[in-house]
Amino acid sequence: MSAARLPFDAGLRPMREADLDGVMRVENRGYPHPWSRGTMRDCLHAGYSAWVMEQDGELVAHAVLSFGPGEVHLLNLCVDPQVQSKGLGRQLLRAMMRMAKLRNVEQMLLEVRPSNTAAVALYNSEGFNEIGRRPRYYPAADGAREDAIVMAIELSITSL
C-alpha cells in the first residue's frame, strides 16, 4: 500500500527497521510501560502493518496493526507527548482505519488503559464502543496491574 500524506506537514509511511531508534524515543516518552525495541522489531519481522508519522523530518507517532480474517487489531498507537493535542493521533487513527477498509476488513479492535482518558475519549469520539474488559492486562506502578478496556468499531458503517 502506498504511503499517504496527512495534514500538519506530517508524512505517513511504512515503518522500517532503521526507524526503531526514533520509534523507541516516541514510545518511551509516550508510555509509562512502553513496548521494548525487541517487540517492535519482532512486529516488523512478523509482517505486521507498522507505520510511522514524520513531521519536519522527525518521527512523531507510530502505529502497529495485526490483520486477521475480517478484522484488524490496533496493537499500538503512540504520539510523542511533545506534539499531542494537535490532532495527530486522530489523523493517524483515521489513516489506520482507512487502510483496514481498503483491505475489506469489517471490524477494528483495540485495548486501552482506563487511565489513558485522552485515548479513551479519542476512540469514543471516532465511534469505538467498549465490548469488554481484560482484567489485569497492563503492567502498572509498583508491580500492580491495570485492566484493559476492549473496544471495537464496525468499519463497514464508518465514513472515512
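Here are four short exercises on helix packing and pockets in this predicted model, each with a worked solution.

**Exercise 1.** Work out how H1 and H2 are oriented relative to each other, and which residues of the two helices meet.

*Solution.*
- Start with the general recipe: a packed helix pair is described by the angle between the axes and the distance between them.
- For H1 and helix H2 (residues 37-45), the angle is about 125° and the axes lie 10 Å apart.
- Angles of 65 to 115 degrees count as roughly perpendicular and those over 145 as roughly antiparallel, with what is left between them falling under oblique. H1 and H2 are therefore oblique to each other.
- Now the handedness: H1 crosses H2 in a right-handed way.
- On the H1 side, look for Leu20, Asp21, Val23, Met24 and Glu27; they meet Arg37, Met40, Arg41 and Leu44 of H2.
- Sort the contact residues by class and you get 5 nonpolar, no polar and 4 charged.

**Exercise 2.** Do the same for H3 and H4: find the orientation and the residues that meet.

*Solution.*
- Helix H3 (residues 88-102) packs against helix H4 (residues 117-125) at about 50°, and their axes are 11 Å apart.
- Roughly parallel would need an angle under 35 degrees, and roughly perpendicular starts at 65. So H3 and H4, too, come out as oblique to each other.
- Their crossing is right-handed.
- From H3, pick out Gly89, Arg90 and Leu93, whose partners in H4 are Leu122, Tyr123 and Ser125.
- By class, this H3 and H4 contact holds 3 nonpolar, 2 polar and 1 charged residue.

**Exercise 3.** Find the largest pocket and say which element gives the most to its lining.

*Solution.*
- The volume to look for is about 910 Å³.
- Its lining counts 33 residues, and Tyr31, Leu77, Asn116, Ala119 and Tyr123 sit closest to the centre. Tyr123 should ring a bell, as one of the H4 residues in the contact with H3.
- Next, list the elements that give two or more residues: helix H1 (20-30), strand E4 (71-79), H3, strand E5 (107-112), H4 and strand E6 (129-139).
- The top contributor is E4, with 7 residues.
- As for chemistry, the lining splits into 18 nonpolar, 10 polar and 5 charged residues.

**Exercise 4.** Turn to the second largest pocket: which element gives the most to its lining, and how do the lining residues divide by class?

*Solution.*
- This pocket has a volume of about 220 Å³.
- There are 15 lining residues, and those closest to the centre are Arg29, Glu58, Leu59, Val60 and Asp80.
- At least two lining residues each come from H1 and strand E3 (58-68).
- H1 gives the most, with 5 residues.
- The class split of the lining is 5 nonpolar, 3 polar and 7 charged.

Technical notes. Residues numbered from 1 in each chain as written. Predicted model: local features only at pLDDT ≥ 70, side-chain atom pairs only at ≥ 80, totals over all residues. Heavy atoms only, no water. Axes fitted to C-alpha atoms, helices over the stretch in contact; angles between N-to-C directions. Helix = DSSP H or I, 4+ residues; strand = E, 2+ residues; numbered from the N terminus. Left-handed = near helix turned anticlockwise from the far one by under 90°. Contact = heavy atoms within 4.5 Å. Nonpolar A, V, L, I, M, F, W, Y, C, P; charged D, E, K, R; others polar. 1 Å grid on protein atoms, 1.4 Å probe; cavity = no way out; pocket = protein on both sides within 12 Å on 5 of 7 lines; lining within 4 Å. Points joined across faces, edges and corners; volume = space filled by probe spheres on them.
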